[in-house]
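Subject: Handover of a structure and the findings in it

Dear colleague,

I am writing to hand over the structure shown below. Please look through it first; an account of what was found follows.

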Amino acid sequence: MNSTVVTFPDGHVSGRSEIVGAVPAGGRHGLVVAETPFHPLDHTWPDQPADRGTIGGLPVADCVTGAQSGTGEIFLGPDIPVRRGTEGWAWLVVHVAETPLPVGSEVALEVDPGHRAALSAGHTACHLAALALNAALAGHWRKPAALDGLGHPDFDQSAITSSRISPFGSEDVYRLGKSLRKKGFSAEGLDLSQVASEVNDRLKAWVAADAAVWLDVPGPGLTARRTWHCALPEGETSIPCGGTHVRGTAELGVVTVELALEDAALTMRTTSSCL
Ligand SMILES: [Zn+2]
C-alpha cells in the first residue's frame, strides 16, 4: 500500500475514496483508503484524539495510525516498532469499523464536524498556552536555554512529558526534575497563581488580536512534517504539529489555564470557551 493521502491539514471533513486495504484490528475491521479527511491518533505522540464519523455509512469506531514495512507486514498504533515517518514504511490512516467493506469499492468518508472543530480549538489553545507559559516562566532560567519562536526559553519543549487534547481543551504535564534543573530551570519561588494569571492575561491579548493560524503542509502524506504557524502580535511563531487547528485565535473565545504542582510534575489544564 502507499502512504495515505490526508486532507485534514487543509480543514477537510468529508471526501470520497477507494478502499485499498483491509487489516484485522482486534476483532474489528481496519479499512484503509487512498485519501481521507480523518485524523488518526498518532502512535509516537498521541496528543490529538481520533476523529469520529462514518466510512461508507458505517460508524468509525476508532481511527488509528498504521505502518506497513517493506516486507508487507502491517502494525497498528502502539505495536508500530518504528518512529513516525520512518523511511521505507507506508504510513496509513486505519478506520476501524465493526463490519467489513469490500476492497476496491468507493466510499464516502464523513468526519463529525462538531467534534473536529472542538478538537481543533483545544489544539490551538494548547499551543498558545504553551507559548504563554514559556513567557511567564522566562525569569526562572539560570542558564541560556533553547528558545521558542517568540524568543523565550522553551520550558514547554524542555519539560513536557505528555499532552492530551480534548474538545475545547488540553492537559499538558511537565516534569520539574533533575534533568530540567541541569538544563538551568529553577522552580525556586515558583508562584503558581502568579504564573497562571500572567498566562491568562497573555492568552486574553492573543485572542483579542485575532491572530491568523495556519499549517505549513510540505507533502500530502500522513507523516509529512507539518508546522503550525500563528501570527501573534509579538511576531510570527511556529511549532511542529501533526494535528488540526482553528483559523484565527478569536474563534477560541476565552482561553484560560489552571496550574497544579504535584510530585515534581506541573500540570497545565487549558480550556477554551469558544464563544
Ligand atoms: Zn500540535
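A convenient place to begin is glycine 53, whose bridge partner in strand 10 is valine 111. Please bear in mind throughout that this is a predicted model.

The sheet

The pairing of glycine 53 with valine 111 belongs to the contact between strand 5 (residues 53-55) and strand 10 (residues 106-111), which run antiparallel to each other and are joined over three bridges. These two strands are part of an open sheet of eight strands, arranged in the order 6-5-10-2-3-9-7-8 with antiparallel pairing. Strand 6 (58-59) and strand 8 (74-76) form the edges of this sheet, each pairing on one side only.

Just ahead of strand 5 in the chain is the loop that connects strand 4 to strand 5, and proline 49 lies in this loop. Proline 49 is partly exposed, because its relative accessibility is 28%. Between the C-alpha atoms of proline 49 and valine 82 there are 20 Å, with 33 residues separating the two along the chain.

Helix 1 and the zinc site

Which residues coordinate the zinc ion? The donors are His123 and His127, each through NE2, and Cys241 through SG, at 2.0 to 2.3 Å. Written as a spacing along the sequence, the donor residues read H-x3-H-x113-C. The two histidines are both in helix 1 (residues 113-136), where they are four residues apart, or about one turn of the helix.

Are these donor residues buried or exposed? Histidine 123 has a relative accessible area of 0% and is therefore buried. Histidine 127 also counts as buried, at 7% relative accessibility. Cysteine 241, with a relative accessible area of 8%, is buried as well.

The setting of helix 1 fits with the burial of its two histidines: 21 of its 24 residues are buried, so the helix is largely enclosed by the rest of the structure. Its length can be checked too. At 1.5 Å a residue, the 24 residues should span 34 Å, and the end C-alpha atoms are indeed 34 Å apart, so the expected and computed values agree. Where helix 1 starts, aspartate 112 brings a side-chain oxygen to within 3.0 Å of the backbone nitrogen of glycine 114.

Cysteines

How many disulfides does the structure contain? A search of the whole structure finds zero. Cysteine 230 illustrates why: the closest cysteine sulfur to its own is that of cysteine 241, and at 12 Å this is too far for a bond, since a disulfide requires the two sulfur atoms to be within 2.5 Å. Cysteine 230 is buried, as its relative accessible area is 0%.

Salt bridges

Side chains of opposite charge can pair when their charged atoms come close. The structure holds five salt bridges, and three of them are described here, each with its place in the chain.

One of the five is formed by arginine 28 and glutamate 98, whose closest N and O atoms are 3.5 Å apart. Arginine 28 belongs to strand 3 (residues 28-33), while glutamate 98 is in the loop between strand 9 (90-97) and strand 10, so this pair ties together parts that are 70 residues apart in sequence. Arginine 28 is partly exposed, with a relative accessible area of 30%, whereas glutamate 98 counts as exposed at 55%.

Another salt bridge brings together the side chains of arginine 84 and aspartate 42, at 2.6 Å from N to O. Here, too, distant parts of the chain are linked: arginine 84 is in the loop between strand 8 and strand 9, aspartate 42 is in the loop between strand 4 (35-36) and strand 5, and their positions lie 42 residues apart in the numbering. Aspartate 42 counts as buried, with 12% relative accessibility, whereas arginine 84 is partly exposed, with a relative accessible area of 28%.

A further salt bridge joins the side chains of glutamate 171 and arginine 269 at 3.0 Å, N to O. Glutamate 171 is in strand 12 (residues 169-175) and arginine 269 in strand 17 (residues 265-272), so the pair connects parts that are 98 residues apart in sequence. Glutamate 171, at 31% relative accessibility, counts as partly exposed, and arginine 269 is partly exposed with a relative accessible area of 39%.

With kind regards

Technical notes: Residues numbered from 1 in each chain as written. Predicted model: local features only at pLDDT ≥ 70, side-chain atom pairs only at ≥ 80, totals over all residues. Heavy atoms only, no water. Donors = N, O, S within 2.8 Å, 3.2 Å for Na, K, Ca; no water. Buried < 20%, exposed > 50% of the residue type's maximum accessible area, 1.4 Å probe, protein only. Pairing = 2+ DSSP bridges. Expected span 1.5 Å × (residues − 1). Polar contact = N/O pair within 3.5 Å; in protein donor to acceptor, adjacent residues only side chain to side chain. Salt bridge = Lys/Arg side-chain N within 4 Å of Asp/Glu carboxyl O.
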